[in-house]
Protein chains: 2
Amino acid sequence: MTLALLQQEASNDTEDNLQRTVAATKQAAKEGAQVVCTQELFTTEYFCQSEDHNNFKLAEPIPGPTTKVFQEIAREEDIVVIASIFEQRAAGLYHNSAAVIDAGGELLGIYRKMHIPDDPLYYEKFYFTPGDKDPGFCTWHTKYGRIGVLICWDQWYPEAARITALAGAEILLYPTAIGWHPAEKATEGNTQHAAWQAIQRSHAIGNGCFVAAANRIGHEKPSDDDGLEFWGQSFVAAPSGEVIANASTDKEEVLLAELNMKEVNVARTHWPFLRDRRIDAYEEITRRFLD
Amino acid sequence: MTLALLQQEASNDTEDNLQRTVAATKQAAKEGAQVVCTQELFTTEYFCQSEDHNNFKLAEPIPGPTTKVFQEIAREEDIVVIASIFEQRAAGLYHNSAAVIDAGGELLGIYRKMHIPDDPLYYEKFYFTPGDKDPGFCTWHTKYGRIGVLICWDQWYPEAARITALAGAEILLYPTAIGWHPAEKATEGNTQHAAWQAIQRSHAIGNGCFVAAANRIGHEKPSDDDGLEFWGQSFVAAPSGEVIANASTDKEEVLLAELNMKEVNVARTHWPFLRDRRIDAYEEITRRFLD
């Protein structure tokens, strides 16, 4: 499988963001990509830096205008597209979603972000209701492979990676928007990025699958504070945990990676973690705390 | 909390192995350690390189001779000791266990390894029955902190780390025996070690706790094949995922680390992963595969 991660900068011009992502998708296809994954919420700036009811206007249904555009590209180019979308599901009901479009253009389904953060400048709980429990974590059989999609904050949860892998995913794709608070970057920046990469590499290792994260770049400062410096560094990890493709911190890139999907079976056979799971002893995972 | 990890070489002289570990424990206490953790099965070579009924003679009960020795040291030095022991629990029933001894000498309990490997030269399923389900993963309130103990192969299972952290552990201690097959070291060695460290760092990150692994060194070649080169590199990771202490590949060491246990609450508050767990959607963790 040839994978492309689209790492881009976003402005407050949503049509321009869309058209640049369309162009990057076509470029990826021209360069041989079979599966293309966008960064999180690529049509907009990361508007969750404030709680503003006006931002709900940025949402759209699935299927809707953005899926229509990418379904057409998927048909023309015979590629799979994972498109991150701010979804309006019903009146007053919004999700942070990803549309999964198969080569040929069929809309296979929607993943709705299950873990929603709420931290300074990441006020997602205001905008997004969490994904439903059933189906929560899921996998799609695309023309080029069995794909699981998770989104950003999900990255920090081994449960999400594990269940998606158990559902058959041989690659976990994470559209992402993560960056540094400028005031913290000098002291905490390297540690934060290292943690982000380490825990995703660990999902590849523990589940014997590929993991890929597409992150945005750019310093977005929609309000009066310092804003966020998105750290880019989109990457792909092999089932061994090795980083086999890694983008810059500050450049728009179509990050291509050749994935030998046979490595999934090899890794899981030589590091047979799935064999020895103590499924009789894991039920406390469903508890908040054991006090 | 001042932690010491004992990284040692073992020979086929079990009394010498024990005495050198006793000496290292006392040295650790002299250097200020409050909690001391041994490597896995420190009184013996890593005998699981072959399936030999004679090796069952190496087992002992808990409480037994080894816990007696370390209970006395714990009383004399007022330190907590985590002592890895090949445990005979009953006739024909053996575990890969760790005794948890509180400062003052009380035997607080036993952790019995839950995940048992069986791979070339790691024939543990022949020797060790897996730990019971209830209590499987557990935590002890020691004089110097709330400690969770897991053993070696458990390292690769985020479920084990998560449940132990939910049970209150603020540090996860992993007595370990892991090394390279000499024939694979040149091609796979760095990747294998990097994966081992990454997934344990990820347990620290995802659970906002400290993680420490005590591993042995030395090339043990008890049979005719190439044996195993234990890779040492005992280490301690902070809740941020940063490695704050790291031992060599080939030297005996008393690896000391100062742990500021207040970092647990700081990390969990600033990276509030426990807050957002989707405990309503994790029950499939208890399934083998979702086919």
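Student: In this predicted model, is Y144(A) buried or exposed?
Tutor: Buried means under 20% relative accessible area. Y144(A) has a relative accessible area of 19%. That value falls under the cut-off, so Y144(A) counts as buried.

Student: Where in chain A is Y144(A) found?
Tutor: Two strands bracket Y144(A): β6 spans 139-142 and β7 spans 145-149. Residue 144 falls in the stretch that links them. Its place is the loop between β6 and β7 of chain A.

Student: Which backbone oxygen does the side chain of Y144(A) reach?
Tutor: Start with the contacts beyond four places in sequence: Y144(A) touches M1(A), Q34(A), V35(A), D78(A), I79(A), V80(A) and A103(A). For one of these residues, the side chain of Y144(A) comes to 2.7 Å from the backbone oxygen. That residue is D78(A).

Student: What distance separates the C-alpha atoms of Y144(A) and R277(A)?
Tutor: Along the chain, Y144(A) and R277(A) are 133 residues apart. In space, their C-alpha atoms are separated by 29 Å.

Student: What is the relative accessible area of N17(A)?
Tutor: N17(A) sits in helix α1, residues 14-30 of chain A. Leaving aside neighbours within four places in sequence, its contacts are E9(A), A10(A), S11(A), F42(A), T43(A), T44(A) and E45(A). N17(A) is buried, and its relative accessible area is 1%.

Student: What kind of axis relates chain A and chain B?
Tutor: Two copies of a chain are related by a rotation about an axis and a shift along it. Here the rotation is 180 degrees, the shift is 0.0 Å, and chain A superposes on chain B with an RMSD of 0.0 Å. The copies are thus related as by a two-fold rotation axis.

Student: Which residue of chain A comes closest to the rotation axis?
Tutor: Compare the C-alpha positions of chain A with the axis. The closest C-alpha lies at 2.8 Å. It belongs to A198(A).

Student: How many residues of chain A are in contact with chain B?
Tutor: Of the interface residues of chain A, 100% are also interface residues in chain B, so the copies meet through the same surface. Chain B puts 57 residues into the contact. For chain A the count is 57.

Student: What area do chain A and chain B bury between them?
Tutor: The size of an interface is often given as the accessible area lost when the parts come together. Carbon and sulfur atoms account for 61% of the area here. Between them, the chains bury about 5,400 Å².

Student: Which residue of chain B meets R162(A) in a salt bridge?
Tutor: There are eight salt bridges between chain A and chain B. In one of them, the side chain of R162(A) has a partner at 2.7 Å, N to O. That partner is E159(B).

Student: Which helix supplies the largest share of the side of chain A that touches chain B?
Tutor: The chains have 27 residue pairs in polar contact. On chain A, α4 (158-166), α5 (182-207) and α6 (262-270) each supply at least two residues of the touching side. The largest share is 10 residues, and it comes from α5(A).

Student: How many of the residues of helix α4 of chain B are buried?
Tutor: The buried residues pack against α4 of chain A. They also pack against parts of chain B, including β6, β7, β8 and α5. The helix is largely enclosed by the rest of the structure, because the buried count is nine of the nine residues.

Student: What phi does G168(B) take?
Tutor: G168(B) comes just after α4(B). Its phi is positive, about 115 degrees.

Student: Near what omega is the peptide bond from I62(A) to P63(A)?
Tutor: Most peptide bonds are trans. The bond from I62(A) to P63(A) is cis. P63(A) lies in the loop between β2 (35-37) and α2 (65-77) of chain A. Omega for this bond is near 0 degrees.

Student: What phi does Q233(A) have?
Tutor: Q233(A) is in the loop between β12 (228-231) and β13 (235-237) of chain A. At 12% relative accessibility, it counts as buried. Q233(A) is not a glycine, yet its phi is positive, about 55 degrees.

Key: Residues numbered from 1 in each chain as written. Chains lettered and ligands numbered in written order. Predicted model: local features only at pLDDT ≥ 70, side-chain atom pairs only at ≥ 80, totals over all residues. Heavy atoms only, no water. Least-squares fit on C-alpha atoms with pLDDT ≥ 70 in both. Contact = heavy atoms within 4.5 Å. Buried area = accessible area lost by both parts, 1.4 Å probe. Salt bridge = Lys/Arg side-chain N within 4 Å of Asp/Glu carboxyl O. Polar contact = N/O pair within 3.5 Å; in protein donor to acceptor, adjacent residues only side chain to side chain. Helix = DSSP H or I, 4+ residues; strand = E, 2+ residues; numbered from the N terminus. Buried < 20%, exposed > 50% of the residue type's maximum accessible area, 1.4 Å probe, protein only.
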